[in-house]
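Trainee: I should be grateful for a close look at the nonpolar interior of this protein. Please take me through how it is built and what lies outside it.

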Amino acid sequence: RNIPNDNSPRIERGSASGVIVTADGFIVTNNHVVDNADELEIVLHDQRSYKAKVIGTDPATDLALLKIEEKGLSFVEFGNSDSIEVGDMVLAVGNPFNLASTVTAGIVSAKARNINILTDRAAIESYIQTDAAVNRGNSGGALVDISGRLIGINSAISTPTGVYAGYSFAIPVEIVKKTIDDLLRYGKVMRGYLGVIISDLNGQKAKALGLDITNGVIVDSLQENGAAIRDGIKVKDIIIKLDNRKVSTSTELRELITRHKPGEQVRVTLIRDGKEKIVTVTLMPFQETLQSKDT
């Protein structure tokens with residue numbers, strides 16, 4: 001921040017991190033890193049400096065895609081965030097406190113974590129939680145597996161002090177891949193929606209519904225004219241799988257749905273009246289409703 005005198009305009013400067021994803025200069029970072037920025041400068045590890053252009057942003061996932069004019073750059077290889085397990089070793093790479101190219105190590109502490117940090121109406125939070133040290137300046141940096149493959153973009157910390165206190169959060173690379181692809185193809189993210197209001201099943205709710213399971217997602221209500229109500233999903237259905245992938249929480253379901261575009265079909269496995277049923281739903285574009293937490 002530069003404040004020469006009381007009458008001069010205030011200029012704020014900050015630093016963060018980013019990940020080069022192509023040899024010709026496409027870079028992924030956080031939306032909150034570039035939001036409202038007048039000018040963006042990219043400095044590589046060898047001190048080469050470039051002006052960056054914003055190709056697109058997605059506040060719902062807190063991701064942004066940038067471009068610099070260069071060729072032959074080293075870039076990260078994508079991994080698979082679905083394949084990682086709690087306890088796996090991970091490395092966080094970034095520029096905390098302006099300490100360039102800092103690497104910290106930790107493990108995956110949890111998956112599909114929602115910390116309610118994003119304020120966008122259609123926010124998607126399904127973070128990889130780690131105990132790799134992340135601080136101010138790490139935002140937008142890489143979370144990689146032990147083979148150096150990208151599995152997430154570091155985005156947030158949970159702390160009572162403002163500095164690392166043992167909990168850091170990264171956007172899964174499977175969400176990053178789709179966001180990049182959509183921003184390049186369409187200039188915006190094309191995200192399909194089921195049109196349901198959901199909550200997590202637990203022991204108390206399962207007992208009230210007469211169920212012998214405690215993992216799954218309850219359909220609490222349906223968006224009027226949404227995909228779910230059109231294709232046969234009903235209130236009090238318990239969603240347990242999406243496209244043969246087990247769904248235990250509403251956060252997991254939102255992450256899986258956000259990987260699909262409007263018009264794509266998903267197979268929803270649910271329990272209704274004590275019986276398992278499969279419903280095929282064609283996803284629709286997002287429609288504003290007065291209800292919150294719609295998927």
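Mentor: This is a predicted model, and one helix serves well as a point of entry. In helix H5, the buried residues are Ser250, Thr251, Leu253, Arg254, Glu255, Leu256, Ile257 and Thr258. Because 8 of the 9 residues of H5 (residues 250-258) are buried, this helix is largely enclosed by the rest of the structure.

We may now turn to the nonpolar cores. The largest of them has 23 residues, and those with the most contacts inside it are Val19, Val21, Val28, Leu63, Leu150, Ile153 and Val176. At least two residues of this core come from each of the following elements: strands S2 (26-30), S6 (63-67), S10 (142-145), S11 (150-157) and S12 (168-172), and helix H2 (173-186). H2 provides the largest share, 5 residues. In soluble globular proteins, nonpolar side chains tend to be buried together.

Ile153 gives a detailed view of this core. If its neighbours within four places in sequence are left aside, Ile153 is in contact with Val19, Val28, Asn30, Leu63, Gly140, Gly141, Phe169, Ala170, Ile171 and Val176. Another core, of 22 residues, lies apart from this one; among its members are Leu194, Ala227, Leu253 and Leu283. Leu253 is also one of the buried residues of H5.

Finally, some nonpolar residues lie at the surface. Met89, Ile107 and Ile146 make a nonpolar surface patch of about 290 Å². Ile146 is placed in the loop between S10 and S11. Its relative accessibility is 66%, and the cut-off for exposed is over 50%, so Ile146 counts as exposed.

How values were computed: Residues are numbered from 1 along each chain as its sequence is written. This is a predicted model: local features need pLDDT of at least 70, side-chain atom pairs count only at pLDDT 80 or more; totals for chains, interfaces and linings use all residues. Side-chain values use heavy atoms; hydrogens and water are left out. A nonpolar core is a set of buried Ala, Val, Leu, Ile, Met, Phe, Trp, Tyr and Cys residues joined through side-chain atoms within 4.5 Å. Buried means under 20% relative accessible area, exposed over 50%, partly exposed in between (1.4 Å probe, protein chains only). Helices (H or I, at least four residues) and strands (E, at least two) are DSSP runs, numbered from the N terminus. Contact means heavy atoms within 4.5 Å. Patches are made of residues with over 30% relative accessible area and no salt bridge: like charges are joined within 9 Å, nonpolar side chains (Val, Leu, Ile, Met, Phe, Trp, Tyr) within 5 Å. Accessible areas come from the Shrake-Rupley method with a 1.4 Å probe; for residues, only the protein chains shown count as cover. A salt bridge is a side-chain nitrogen of Lys or Arg within 4 Å of a carboxyl oxygen of Asp or Glu.
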